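Let's take a walk through this one together. Have the viewer open and rotate along as we go.

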Amino acid sequence: MKFYARQAAVTKAPTGIQGFDEITGGGLPCGRTTLVLGGPGCGKTVFALQALVNGARQANEAGMFVAFEESTRQIVANASTFGWDLPALVKKRLFFLDARLDPEVVRVGDFDLGGMLALLGAKAKALGAKRIVFDGIDVLLGLLDDPAKERLEIYRIRDWLAQTGLTGIITQKVGYTEDHRYSFMQFMVDCVVVLRHQVVDGSAFRHLRVMKYRGSDFAGDEFPISLTSEGLQLTNRGPRELNHEVSDERIPTGLARLDHMLRGGYHRGSNVLISGAPGTAKSTLSGLFATAACARGERTLYVSFDEGANQIVRNLRSVSIDLAPHVASGVLGMYSTRTRGPNIEDQFADLRERVRAHRPRCLVIDPLSALSTKLAHLASADAAQQFLDFLKGEGITVVNTSLMDGLNTDEATTTGISTIADTWIHLSYVVQDGERNRALTIVKSRGTGHSNQVRELTLSDDGVTLTDVFMAQGKALMGVARWEWEQEQRAAQERTTVASDLKRLQLQVAQAEAVARLQVVQTEIDARNAEMSVLALATGSANRLLKSDQEVLRKLRHGDAEPAKARAAIKVGGRRKPHHVKTH
Amino acid sequence: VADENLTMSKPTSVVPPEAHPAPIRLRLYVSGNAPNSVCAIANAKAICASHFESRCDLEIIDLVAHPLRAVADEIIVTPTLIKLLPLPVQRVVGNLSDTTQVLLALASA
């Protein structure tokens with residue numbers, strides 16, 4: 001176990017080359033030798049020089065550069081494209097040695113590097129140098145013309161490095177065919193970095209691989225590298241573990257109803273994909289997002305791959321989205337470019353740099369699918385994913401548009417963009433009754449509730465609106481069909497209103513008739529009653545008259561009229577009891 | 001081995017003095033007592049003695065002792081012999097093991 005503990009103690013000299021220090025766990029082995037191998041144009045010199053310059057600039061370590069192949073003036077001139085300010089560094093902390101052997105020189109017998117190493121040793125002491133680069137050592141070794149002697153000189157350099165304690169970088173050209181001549185060097189040194197240059201479909205791909213690293217853990221895969229204005233950049237495959245910070249903050253989409261459909265807008269730092277057929281207003285939605293962000297004062301970057309910045313501003317103005325004031329104030333950065341070749345690694349490196357320069361909180365890439373045709377190359381698909389991971393790491397909210405005719409196209413899956421997207425909004429055309437209308441659907445939205453309804457997106461001079469889509473007879477109605485349907489509904493309602501009014505009136509008439517009829521009947525009842533009363537009265541008086549007549553008759557006859565009296569009393573009833581009945 | 005100025009006095013040249021009337025100035029850069037350097041010093045001295053007689057001024061500079069001289073004179077490998085005079089300046093690298101080639105190089109141009 002002690003053995004491993006000692007190995008872990010290898011100290012690292014950071015190269016400052018983005019990504020490289022990540023895959024090697026800190027940089028080059030301190031006080032040891034690293035061999036950088038590669039064919040012509042792979043970036044060996046840039047790699048070595050960058051490690052030296054970054055050591056001087058970032059770690060304040062003086063360094064030396066021994067150039068066997070190019071003149072030091074050429075090297076300084078070439079490096080001026082990287083903005084490292086070499087001349088200033090050369091004065092203070094860097095020493096360049098032109099170690100080219102004059103081709104005119106005559107060789108008679110064997111020679112060695114003793115003199116140069118003596119010189120470098122003295123310089124290193126004077127400068128306090130910590131790092132040294134031997135660039136293009138193969139050129140010098142070639143002059144020795146004897147493998148045994150070459151090996152001897154390499155060992156001399158290695159021993160000298162070990163003795164001085166300098167961190168050494170030796171670059172060496174290798175042909176495309178395996179070159180066994182110098183393979184011993186790979187065994188000799190502590191760290192081997194291989195750079196590879198490959199042309200696929202006419203486009204250049206550069207890769208870096210750490211082949212060997214004594215006493216240290218390292219990522220042994222081939223990583224894409226690109227040359228940017230800051231120098232060489234290695235794209236790491238993102239963090240081993242995805243643990244980006246997440247935010248619960250919501251930011252408006254720029255369209256109030258869409259915010260509502262997403263229950264509050266996009267998540268801060270999320271990745272939004274707006275897909276759709278050509279002309280479905282993908283750019284318009286992106287523009288809405290950008291203006292809303294700018295209006296909040298958030299720095300925003302609008303990257304376009306198919307339209308110039310001025311054209312975008314003009315087109316969005318037609319739907320009353322005005323980007324111009326934000327561009328003028330500098331809050332909004334516009335960057336329009338074209339995709340260049342199948343290697344989009346360089347393109348993403350370029351974008352990364354622009355993102356770092358503008359420091360946006362919101363980013364629009366319109367359309368990301370311009371790159372996706374190139375994404376068939378695995379390296380490029382990786383690059384896209386890594387770029388989006390980078391944005392996520394920076395907490396930048398990004399809206400990508402993607403040209404896509406259907407929802408389940410292979411394109412969406414092969415690029416992997418759809419899986420990276422946190423929120424996916426799909427825009428489509430619905431062709432119906434001779435017209436095309438735009439429909440908006442939220443395919444997915446991680447971590448937010450969202451409406452499952454299709455909405456109609458309408459663009460006009462007044463701006464962008466989302467309208468409910470009507471369902472009728474099992475169909476979604478849009479555009480004129482929706483308008484017609486609405487009109488028809490209104491007419492039908494009016495018809496119903498009128499019809500019900502009429503019915504009410506008719507009923508009122510019937511009711512009135514019934515009431516009237518009731519009145520007639522009542523009156524008739526009263527009339528009958530009256531008639532009956534009249535009849536009763538008439539009958540009563542007649543009886544009385546008869547009775548009185550009988551009284552009169554009896555009195556006249558002086559007879560006993562008892563039975564008749566009883567009969568008369570019954571006939572008169574309870575109305576008037578003749579008092580004479582009681583008297584008996 | 002430190003700086004060493006040697007003036008050879010033995011007149012054993014095969015070249016007639018009339019052909020090379022001008023003096024010859026040579027400077028040899030070596031690194032300590034490395035085998036090639038030791039070899040070159042011996043060879044240089046022998047060539048001067050046998051071919052240039054008293055006209056030859058050979059200066060030997062040890063870069064281990066004076067490393068910064070290498071920067072000024074742009075010396076990368078050792079041993080390096082420079083013919084300063086007569087002009088043009090001519091360089092020969094190596095341990096000077098082949099006398100004929102050394103003489104050819106110094107006489108050329």
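Which residue forms a salt bridge with A:Lys392? That partner is A:Asp422, with the closest N and O atoms 2.7 Å apart; a salt bridge here is a side-chain nitrogen of Lys or Arg within 4 Å of a carboxyl oxygen of Asp or Glu. A:Lys392 sits in helix α16 (residues 378-393) of chain A and A:Asp422 in the loop between α18 (417-420) and β20 (423-432), so the pair ties together parts that are 30 residues apart in sequence. Helices (H or I, at least four residues) and strands (E, at least two) are DSSP runs, numbered from the N terminus. A:Asp422 counts as buried because its relative accessibility is 9%, while A:Lys392, at 21%, is partly exposed. The cut-offs are under 20% relative accessible area for buried, over 50% for exposed and partly exposed in between (1.4 Å probe, protein chains only).

Before going on, some housekeeping. This is a predicted model, in which local features need pLDDT of at least 70 and side-chain atom pairs count only at pLDDT 80 or more, while totals for chains, interfaces and linings use all residues. Residues are numbered from 1 along each chain as its sequence is written, chains are lettered from A and ligands numbered from 1 in the order in which they are written, and side-chain values use heavy atoms, with hydrogens and water left out.

Back to the charges. Over all chains, the search of the whole structure turns up 19 salt bridges. One of them joins A:Arg100 to A:Asp98, with 3.0 Å between the closest N and O atoms. Both ends are partly exposed, A:Arg100 at 39% relative accessibility and A:Asp98 at 28%. Chain B has a salt bridge between the side chains of B:Asp57 and B:Arg25, at 3.7 Å from N to O. That pair links distant parts of the chain, with B:Asp57 in strand β3 (residues 56-62) and B:Arg25 in strand β2 (residues 24-30), 32 residues apart. B:Asp57 is partly exposed at 31%, and so is B:Arg25 at 33%. Back in chain A, salt bridges that share partners join A:Glu249, A:Arg268, A:Arg296 and A:Glu298 into one network.

Now for the chains as wholes. Chain A comes to 21 helices and 25 strands, and 46% of its 584 residues are buried. Chain B has 3 helices and 5 strands, in the order β-β-α-β-α-β-β-α from the N terminus on. Of the 109 residues in chain B, 48% are buried.

For a look inside chain A, find strand β4 (residues 62-67), where 6 of 6 residues are buried. A:Ala62, A:Met64 and A:Val66 point one way and A:Gly63, A:Phe65 and A:Ala67 the other. In a regular strand the side chains alternate between the two faces of the sheet. β4(A) pairs in the parallel sense with β7 (residues 129-135) over 6 bridges, and strands count as paired if DSSP finds at least two bridges between them. In β7(A), A:Arg131 is the bridge partner of A:Gly63. β4(A) also runs parallel to β5 (residues 94-98) of chain A, joined by 5 bridges, and there A:Val66 stands opposite A:Leu97.

Helices in chain A offer buried spots too. A:Thr291 lies in helix α11 (residues 282-295) and is buried at 13% relative accessible area. Its side chain reaches the backbone oxygen of A:Leu288 at 3.1 Å. A:Val313, in helix α12 (residues 309-317), is buried at 9%. The C-alpha atoms of A:Val313 and A:Leu323 are 5.8 Å apart, with their positions 10 residues apart in sequence.

Finally, turn to where the chains meet. There, 25 residues of chain B are in contact (heavy atoms within 4.5 Å) with 22 residues of chain A. The buried area, meaning accessible area (1.4 Å probe) that two parts lose on being put together, summed over both, is about 1800 Å², of which carbon and sulfur atoms give 68%. B:Ile76, B:Val77 and B:Val93 supply 34% of the area that chain B buries against chain A, more than any other three residues. No salt bridges cross here: the count is 0.

Methods:
Polar contact = N/O pair within 3.5 Å; in protein donor to acceptor, adjacent residues only side chain to side chain.
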